[in-house]
Amino acid sequence: MLARRIIPCLDVRDGRVVKGVRFRDHVDMGDIVELATRYAREGADELVFYDITASPQERAVEPEWVSRVARAIDIPFAVAGGIRSVDDARARLFAGADKISVNTPALRDPDLIDRLAREFGSQCVVSGIDSRVIEGEWRIHQNTGDPDKTEISHRRTLDWIGEVTERGAGEVVLNCMDQDGVREGYDVDQLAAARAICPVPLIASGGAGAIEHFEAVFRIANVDGALAASVFHKQIIEIGALKAALKDQGVEVRL
Amino acid sequence: MTTAIIDTSTANIASVRFALERMDAPYVLAATPEEAAGCARLILPGVGAAGPAMARLNASGWSAALREERRPVLGVCLGMQLLFEHSDESDVALLGLIPGRVERLDPGADGPWPHMGWNALDELAEDEPLLAGIAPGDRVYFVHGFYVAPGEHARAQTRYGSPVTAIARKDNIAGCQFHPERSAKIGARILSNFIKG
């Protein structure tokens, strides 16, 4: 059986790993390669790097650190942030990233997903989606990373998941922003609704604070992977202990 | 003993290179068969779709050279699929080095398509050199939507909807459906078995 994936997410700013609460007040968490290596050693199944400043500043991630990470670790990783063309994606993939994740640029230019899937295959193309309750519905929140530049589009989240997977996204990371950084648990209702209509692997993001949150999101929302940041960076949860606990509860994991 | 990485211009070349660097194994990137002349073995990496990859191998002369190849060859992911005869993905003729067809995988109730993540190896062939030190249940990282149903050349399997060929071999020609270069210690051991075998 396929194992459920545990995926530490590293928000990157200026080549350092940072973490903020609700997209503000970023705190330095350490060197990228150091943290990536530590997570790989502790049993992370995959890593995601988000260059949180890339999209608002109209700047793409630099392949330099992508390559440093790819040299150091022997598990797969995705790179996100400001990828708005096939060339941007190619630079990151050829630097050693296994997947590229597109968020804001795909909202402005949905055909970008088709072009990326055609060029590199759906297995490389992740759709990152920031979703929150707006006017009583799950809707897409656009252009995250800098509170001064935040803007809102009104696409419905579930409609958008349908569209990106139709266009060729091979995986969806659904970040439930109302939960992000507050460690009160994943939004299992929203993730279960997404699961029901998402034909490709679905990764939960936002809200992990305790081991039982992971167990709940796998059991109730049936997601393929669970992404988390601060609980790992702050060593509130150790990945090995998390996986052992999940296994005890009957969740298939890689030990 | 240098390994040639066949330059298929696909995206996982860097991770294969870095994996060899982590084990201090010398390699060259070989865009043409001539560039691999002094090498002891070949790795055929590949991600993406079968059609464009075959077109590149045909254009570079690698297709013809691989059909005569006597050195150990290891195909990785799409590179493994290319070793077989025909792919239903873009309905294209492959290298034909191992009998079998590449078909679309139907995961059934086992999960979404494509097959993406860490799955367990099983049905290990006892005499397969790539599997030295590997035990049933060891997990490796798969990312693929097409597969080869296990036949007489399957040396290891996994299961996702139906049995999936994880490692195939015919004589000196072998392939891994998963990514050993991204499969942590288990993958490193399999790559090392190939490099040192």
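Put chain A and chain B together in this predicted model and they bury about 2,500 Å² between them, with 58% of that on carbon and sulfur atoms. Three residues of chain A stand out here: A:Leu2, A:Arg71 and A:Asp74 supply 26% of the area that chain A buries against chain B, more than any other three residues. As background, the accessible area lost when parts come together is a common way to give the size of an interface.

**Who touches whom**

Going by residues, chain A puts 34 into the contact and chain B puts in 29. There are 18 residue pairs in polar contact between the two chains, counting pairs with both residues at pLDDT 80 or more. On chain A, helix H2 (63-72) and helix H3 (86-94) each bring at least two residues to the side that touches chain B. The largest share of that side comes from H2(A), with four residues. Sorted by class, the side of chain A that touches chain B has 17 nonpolar, five polar and twelve charged residues.

What about salt bridges between chain A and chain B? The count is three. One of them joins the side chains of A:Glu252 and B:Arg139, at 2.6 Å from N to O.

Here are two side-chain pairs with their distances, one across the interface and one within chain A:

| Pair | Kind of contact | Distance |
|---|---|---|
| A:Glu252 and B:Arg139 | salt bridge | 2.6 Å (N to O) |
| A:His141 and A:Arg132 | polar contact | 3.4 Å |

**A histidine in chain A**

The second pair in the table involves A:His141, which you'll find in strand E8 (residues 137-142) of chain A. Is A:His141 buried or exposed? A:His141 counts as buried because its relative accessibility is 4%, and the cut-off for buried is under 20%. The side chain of A:His141 also has a partner: it makes a polar contact with the side chain of A:Arg132 at 3.4 Å.

**A sheet in chain B**

Over in chain B, four strands make an open sheet, and walking across it you meet them in the order E6-E5-E7-E10, with mixed pairing. Strand E6 (92-93) and strand E10 (146-147) are the edges, each pairing on one side only. In general, strands of a sheet pair through backbone hydrogen bonds, running either parallel or antiparallel.

How do strands E5 and E7 of chain B run, parallel or antiparallel? Strand E5 (residues 86-87) and strand E7 (residues 101-104) run parallel, and two bridges join them. If you want a spot to look at in the structure, try B:Ser87, which stands opposite B:Val102 in E7(B).

Key. Residues numbered from 1 in each chain as written. Chains lettered and ligands numbered in written order. Predicted model: local features only at pLDDT ≥ 70, side-chain atom pairs only at ≥ 80, totals over all residues. Heavy atoms only, no water. Pairing = 2+ DSSP bridges. Contact = heavy atoms within 4.5 Å. Buried area = accessible area lost by both parts, 1.4 Å probe. Salt bridge = Lys/Arg side-chain N within 4 Å of Asp/Glu carboxyl O. Polar contact = N/O pair within 3.5 Å; in protein donor to acceptor, adjacent residues only side chain to side chain. Nonpolar A, V, L, I, M, F, W, Y, C, P; charged D, E, K, R; others polar. Buried < 20%, exposed > 50% of the residue type's maximum accessible area, 1.4 Å probe, protein only.
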